[in-house]
Amino acid sequence: MTIIPMIARKPASVYFLGVLIFATIILVSIPVLARASPAVKPWVIPSTMCKANNNCTEVCGVGNTMTEAAQNYIQNANSFDTSSGLTEVFGCGTPGWGYFLGGRRNDDISGKCGLPVLQPYDKSVAVRIGLCDIRRSSGHLFQPQVYQVVQCPPGSVPLPLPSPDNPSCSGAETYSITLSGFGSTEPGAILNGLRVKVSKDNRPAPGVQVQMTVDAIARSGGHGHHDAGRPKGALSIYTGATGTDGALAFTFTAPAPAGDHVITARCVDRDCGQATGTVEVGIKGLVPLNASPEYELIGTTNSHPGNHYLSDTALYRVTILAALYRGYLQRIQPPPAEDLKLHLNDASLERGGVFDIRDTWTRPHAEHCKGTAIDVRANDAPGAIPGGLRNLFEKYAHVVGADPYWDIPFVKGKRRWELRHYHVRLLGQESSTCPN
Amino acid sequence: MSKLMRITALFAILSVGTAEAEVGIGAIENPDGTYTEEIIQDWQEGITPDVSTGDYIITYKSEDGSFAQVIFEPATKIDPILKSKFKAERNTGVVSYEYKLKNGSKAKRPINQLITYVSTGSPTHPSEWHGLAIPDGVIPGLRLSWFHVGKDIFNEKPGGLLPGRNLRGFAIESHDLPGIAIVEIYGARRTTAWLGLYDVASTVGQQIEDLKKRDFIPLPAAVPKIPVPAPFDAAAILNSLNKHLDEDLVAMKLTDPVFAGQLGRLLGSAAEAARRGDTENVRRLIKDLRHHIKKEHEDIDEEEDGDKDDERESGKGKTSPLIDKLAARVLDFDLKYIDKRLKKQDD
């Protein structure tokens, strides 16, 4: 054991309020502490508890837990102090923490043990102090004080009263963590230029281990349905050490569905707080196709409450297409019995991406990911394009620069005639490239 | 593009290798329009021409994983000839463009749609046809379409300009001067019923896309293309003309690139002279330009009788003129227009 025993002359009953006082009378082997990591030290009962031993360098009980230290103390004490009569540990607790800041000290802070001169140091030390109840053979309760010394990391300071759950001293560190480079990206694309940076007093902190996590925000991206099985974006790095500039660069690969993703970064080896940032996955600039007398909007569901989002140009083209189609039919003589207008079904969600009509986060509804394609009813349902008008519709589609596909969905090799419709590429092939 | 080139391009498409055959379930469209469904067999994705009909048999894997075999009738079973006429109205400055469309007797289908791009203009159309010019939204200018609409709109059969017939009445008026644009000419065809969408990222998907992209007969025509600024700016028009020559006419292979370069240098000089206000020099350069052009086609001033099937083959005394006759007529017309305006300014 390298920790020089700490002398505590305080009455055993004074423990919590004496934390700071205890700290000042603790003698620490500074050279050793300077090399020590902030990891938890063994619990120690110093030699002053050993009646027959005035050597303050001796430790009478060491253990990984307070109880273990106390049990070892009994054994050691009994071995050289037969009068101690220590018999049983029946309770150990943690009354509190003490600390002292580093500096040069060479005074005998206890006045009892001929303490060695402390070496110069600039480290901070936090001391966790506990008490154990040890029964003497006489039945008398004895309460040795148990110490645990933790050296704070270079440049850090201990908390005035660190949490017992956090012996690392770093709760009051001035380390901070930030994330930068956030923005938006399209589904399936990679967002470069993301950085996590750790600073200490606004200066880069190299070599700090950081950890990142990513999560999709529920019901974002136009999906009103459950999040089970929702694909999340992927980071190029989830853990790593900051470089000389205190930063660590990484990328975000967007999933096929649109939505917001929150990235959270923390330090692994110290407390630096946490930083979060949001990546918006989606197609920018999509606008809703509003209701109009020229067409009917259909297909809205609770799962996908906004199913008519399009790019500016696509919206322009479908609007003109609908107006031309209806306008022509209104001018012919005799006029048709019903107000024939296009019934416009799914286009894209508010930010594009996978349009999972079955709430499965996959894309059976192909090409509806960028606001450049729309379905038009062409079956037997009300308002559908009659079979006799398909040629007219296709010509008008060509007039506006759109490419109509008369689509009869097949499922497992079986024709679903009732689902037939026009799938209209409003901007040509561009609309057909959707991420999987 | 010549028919031979188009056929070569098509075979290039079809010669692309496709994936190996795959066992799966699917459906087949029969020639009579019926379907045979739930077929389990080896499916070979690809496009196969049906020599007897001129159609294409397209086999692909649809988005749901099942296979489909559909019949794609191309819109190119036509034999179009498109002739352009244009003249400037004396008092209004409006240029009138008229087109005569012929569908050759070898065509198998009627022509039912023409599409091109113009800078500005208002179209008119023959009976039973419609004409519309609307902003494209992507390409600057207007997307001009003429398309056939049958009398019985609710029972429309694929109609249009029948084989062996010709039709006048396609016209557009504009304040802009003529340039050359490709007119996409489409034949009537049966609507393809896609049995689920194909994956455009697949090999066959790309082949289908290529097939659809070329699914028209491209023919050049004189259309409103060169804007005439108000107030009149000869330098701007000459620059536009130079750009059109350099970027469009060369790309369309309507002129020899070296010859285009010679004309381009003269146009550049003329534009620079116009910018300086050196009208005399501009007119001299225009005269030079017209002289160069007329050396290739001496008869471009003659009024077209509209009956020659392919005026591009009518270069007098030259087996291979350095510029297409229609392109020569357009350039000469534009240069003459500028010269007249400059002369009017001087007067």
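Contact here means that heavy atoms lie within 4.5 Å. The exercises below concern a predicted model, and each task is followed by a solution in steps.

**Exercise 1. The surroundings of Gly205(B)**

Task: Determine where Gly205(B) lies, whether it is buried or exposed, and which residues it touches beyond its neighbours within four places in sequence.

Solution. Begin with the secondary structure, where Gly205(B) is found in helix H2 of chain B. Next take the accessibility: a residue counts as buried under 20% relative accessible area, and Gly205(B), at 0%, therefore counts as buried. Then list the contacts, which, once the neighbours within four places in sequence are left aside, are Tyr198(B), Asp199(B) and Val200(B). Finally, look along the chain to Lys61(B), which is 144 residues apart from Gly205(B), while the C-alpha atoms of the two are separated by 9.1 Å.

**Exercise 2. The interface of chain B and chain A**

Task: Describe how many residues of chain B and chain A are in contact, how much area they bury, and which elements of chain B supply the side that touches chain A.

Solution. Start with the residues: 45 of chain B are in contact with 44 of chain A. The two chains bury about 3,800 Å² between them, and 54% of this area is on carbon and sulfur atoms. Turn next to the polar pairs, where the count between the chains is 15 residue pairs in polar contact, both residues being at pLDDT 80 or more. The elements of chain B that each supply at least two residues to the side touching chain A are strands S1 (22-29), S2 (35-43), S8 (111-118), S10 (129-135), S11 (142-148) and S14 (193-194), together with helix H2 (203-213). Sorted by class, that side of chain B has 19 nonpolar, 13 polar and 13 charged residues. Three salt bridges are found across the interface, and one links the side chains of Lys212(B) and Asp403(A), with 3.5 Å from N to O. As a last step, follow the strand pairing between the chains: S22 of chain A (residues 403-407) runs parallel to S14(B) and is joined to that strand by two bridges, with Trp194(B) as the bridge partner of Asp407(A).

**Exercise 3. Strand S11(B) and its partners**

Task: Work out how many residues of S11(B) are buried, which way they point, and which strands pair with S11(B).

Solution. Seven of the seven residues of S11(B) are buried, and the strand is thus mostly covered. Divide them by direction: Leu142(B), Leu144(B), Trp146(B) and His148(B) point one way, whereas Arg143(B), Ser145(B) and Phe147(B) point the other way. This fits a general pattern, because in a regular strand the side chains alternate between the two faces of the sheet. Now take the partners in turn. S8(B) runs antiparallel to S11(B) and is joined to it by six bridges, with Tyr117(B) standing opposite Arg143(B). S10(B) also pairs with S11(B) in the antiparallel sense, over seven bridges, and His148(B) is the bridge partner of Trp129(B). The hairpin of S10(B) and S11(B) has six residues between the strands, among them Gly137(B), which takes a positive phi near 95 degrees.

**Exercise 4. A hairpin elsewhere in chain B**

Task: Find how S6(B) and S7(B) pair, and which residue in their turn has a positive phi.

Solution. S6 (residues 80-88) and S7 (residues 95-103) of chain B are antiparallel and pair over nine bridges, and within this pairing Lys87(B) stands opposite Ser96(B). The two strands form a hairpin with six residues between them, and in the turn Gly93(B) has a positive phi of about 80 degrees.

**Exercise 5. Chain A and one of its residues**

Task: Set out the strand order of the five-stranded open sheet in chain A, and then say what surrounds His308(A).

Solution. Chain A has five helices and 25 strands, and buried residues make up 53% of its 436 residues. The sheet has the order S8-S16-S15-S11-S13, with mixed pairing, and its edge strands are S8 (184-185) and S13 (239-241), each of which pairs on one side only. At one of these edges, S8(A) runs parallel to S16(A) (residues 274-281) through two bridges, and Thr185(A) stands opposite Val281(A). Move now to His308(A), which lies in the loop between S18 (295-297) and S19 (309-310) of chain A. With a relative accessible area of 6%, His308(A) is buried. Its side chain makes a polar contact of 2.9 Å with that of Asn307(A). Not counting residues up to four places away in sequence, His308(A) touches residues including Val287(A), Leu297(A), Leu344(A) and Ser348(A).

Notes. Residues numbered from 1 in each chain as written. Chains lettered and ligands numbered in written order. Predicted model: local features only at pLDDT ≥ 70, side-chain atom pairs only at ≥ 80, totals over all residues. Heavy atoms only, no water. Buried area = accessible area lost by both parts, 1.4 Å probe. Salt bridge = Lys/Arg side-chain N within 4 Å of Asp/Glu carboxyl O. Polar contact = N/O pair within 3.5 Å; in protein donor to acceptor, adjacent residues only side chain to side chain. Nonpolar A, V, L, I, M, F, W, Y, C, P; charged D, E, K, R; others polar. Pairing = 2+ DSSP bridges. Buried < 20%, exposed > 50% of the residue type's maximum accessible area, 1.4 Å probe, protein only.
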